[in-house]
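This report describes a protein together with its ligands, beginning with the contacts made by one ligand and moving outward to the metal sites and the overall fold.

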Amino acid sequence: MGHGSREIKINKRRLLHDLNAVSRIGLGDHGSVTRLVFSIKELRSRQLLIHLMTQAGLEIHIDRIGNIFGRLNGSNPRAPAVLAGSHLDTVVQGGKFDGPVGVIGALEAVRTLKENKVPLSSPVEVVCFIGEESSRFGFSTLGSSLVAGQVHKEDLANAVDAQGTKLEDILSSLGIYRDNLASLKRDPETLKAYLELHIEQGPILEAKNKKIGVVTSIAAPTRFKVVFTGQADHSGTTPMEMRKDALVAAANLITYIEEVCSEFSSMDKGRVVGTVGAMKIEPGVINAIPGKAELSVDIRSITAEAKERVANLVRERAREIAQRREITVDLLPIRDELPVALDERLLPLIKEICEEKNVPYEIMPSGAGHDAMQMAKITPAGMIFIPSKRGISHSPMEWTDPEDICLGAQLLLETIVRVANEEI
Ligand code: GLV
Ligand code: MN
Ligand code: MN
């Protein structure tokens, strides 16, 4: 990094203080944090960010969905911008770090650059994407997908929350309709790169005693709902052989998903993982046979072929189960995405910065989804991981050492400066 800015250090206390302030919003039992997309808590976290960006003197832009951009201009305001950020929404009863580390880390990096008047040729923008987590609508990376022009009409058809609220209706209330989904797309000409600092959410860095993960690619999910419809009936009077129990059909499928994903779980078979994380049963009472069971299926891999193969096997098995039990099944697609490779020039750059600073790093793929996978479709994208204690995430037990957070933000700062000032 030129201009002697090697000495420019982030303000660790301020970074950790602001991260703490974010994690108090939506704080619940056992230190869990819940800020579901478009909830009051999630809105409050974005308001706090706007406040912090204002204090830092960044130029704020908020798009119609609620993505927030805080800009610091460089010597050439017309040059394409370097974006750095992540998300502030969480899963239900999640942790404090998944998302906020990348947003507040980027904010800390950029306000440090501003205070120290570090010369930048490109503008730099801190970004908070809305709705990265799929916990509410089954739809992940909502904000970044819109910015990358990756939301299509058919994606919205089955995006409904547990209360029956349709994502499409919320979008309409914000002036975003089926026929103008592309209107939030950012012109790629205005972008130089996207950088995201994130917790690893897995056990590799801790196990290998590495401080930083340099991410090569991101596993993308195939997601769909399976709805078995049998016949609700009296649990006391209906003989076993006359039942059309939708929940037992669902149970058969869930067990199969575990089996087939285990079969494809080794590295050479594509490291496939599959989860049924949510289920709705009707009527859902102790004395009635379940007439309807709706389950969410989430299958992921870093290999597109393995993922497709497993997803097809699961769909086939769902039809077989329904046929055998003489009930019906509907398969409702949510989203089917391809794994994404991150930028081949940013990766060696981040690696080089780790080497210069003697930081032990690991080159690794990401099993979790991130906004970077959408941004990679319109601009060079790079990700920096920091260790997760015992690899735990999407849980109140999620933890990352404060020193590791600070190191991650410091490396992000160095990366931002290099990318803003150099040809990449
Ligand atoms: C995001 O955290 C995901 O579900 O991968
Ligand atoms: Mn997450
Ligand atoms: Mn995340």
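A polar contact is a pair of N or O atoms within 3.5 Å. In this predicted model, an oxygen atom of ligand 1 lies 2.7 Å from a polar backbone atom of Gly369, and the table sets this pair beside two others in which the protein atom belongs to a side chain.

| Residue | Polar protein atom | Distance to an oxygen atom of ligand 1 |
|---|---|---|
| Arg300 | side chain | 2.6 Å |
| Gly369 | backbone | 2.7 Å |
| His394 | side chain | 3.0 Å |

Of the 190 Å² of accessible area that ligand 1 has on its own, 93% is covered by the protein. The residues around ligand 1 are Asp98, Glu132, Glu133, Arg300, Ala368, Gly369 and His394, a shell that divides by class into four charged, two polar and one nonpolar residues.

**The manganese ions**

Asp98, Glu133 and His394, which belong to the surroundings of ligand 1, also serve as the protein donors of the manganese ion (ligand 2), through OD, OE and NE2 respectively, at 2.0 to 2.1 Å. Along the chain these donors follow the spacing D-x34-E-x260-H. Asp98 lies in the loop between strand 3 (81-87) and helix 3 (100-115), while Glu133 lies in the loop between strand 4 (124-129) and helix 4 (142-147), so the pair ties together parts that are 35 residues apart in sequence. Both Asp98 and Glu133 are buried.

The manganese ion (ligand 3) is coordinated by His87 (NE2), Asp98 (OD) and His198 (NE2), at 2.0 to 2.2 Å, and its donor residues are spaced H-x10-D-x99-H in sequence. Asp98 bridges this ion and the manganese ion (ligand 2), the two lying 3.6 Å apart. Within this second site, His87 in strand 3 and Asp98 in the loop between strand 3 and helix 3 are eleven residues apart, and the pair links distant parts of the chain. Since buried means under 20% relative accessible area, His87 qualifies with a value of 0%, and Asp98 qualifies with a value of 6%.

**The protein as a whole**

The secondary structure comprises eleven helices and 15 strands. The radius of gyration is 23 Å, close to the 22 Å that the globule rule gives for 424 residues, so the protein is as compact as a globular protein of that length. Taken along the principal axes, the C-alpha atoms fill a box of roughly 80 × 45 × 40 Å, and buried residues make up 54% of the 424 residues.

Methods: Residues are numbered from 1 along each chain as its sequence is written. Chains are lettered from A and ligands numbered from 1 in the order in which they are written. This is a predicted model: local features need pLDDT of at least 70, side-chain atom pairs count only at pLDDT 80 or more; totals for chains, interfaces and linings use all residues. Side-chain values use heavy atoms; hydrogens and water are left out. Donors are N, O and S atoms within 2.8 Å of the metal (3.2 Å for Na, K and Ca); water is not among the atoms, so sites may look incomplete. Helices (H or I, at least four residues) and strands (E, at least two) are DSSP runs, numbered from the N terminus. Buried means under 20% relative accessible area, exposed over 50%, partly exposed in between (1.4 Å probe, protein chains only). A residue is near a molecule or strand if one of its heavy atoms lies within 4 Å of it. A polar contact is a pair of N or O atoms within 3.5 Å; within protein, one must be able to donate a hydrogen and the other to accept it, and residues adjacent in sequence count only if both atoms are side-chain atoms. Accessible areas come from the Shrake-Rupley method with a 1.4 Å probe; for residues, only the protein chains shown count as cover. Ala, Val, Leu, Ile, Met, Phe, Trp, Tyr, Cys and Pro count as nonpolar, Asp, Glu, Lys and Arg as charged, and the others, Gly among them, as polar. The radius of gyration is taken over C-alpha atoms; the globule rule is 2.2 Å times the number of residues to the power 0.38.
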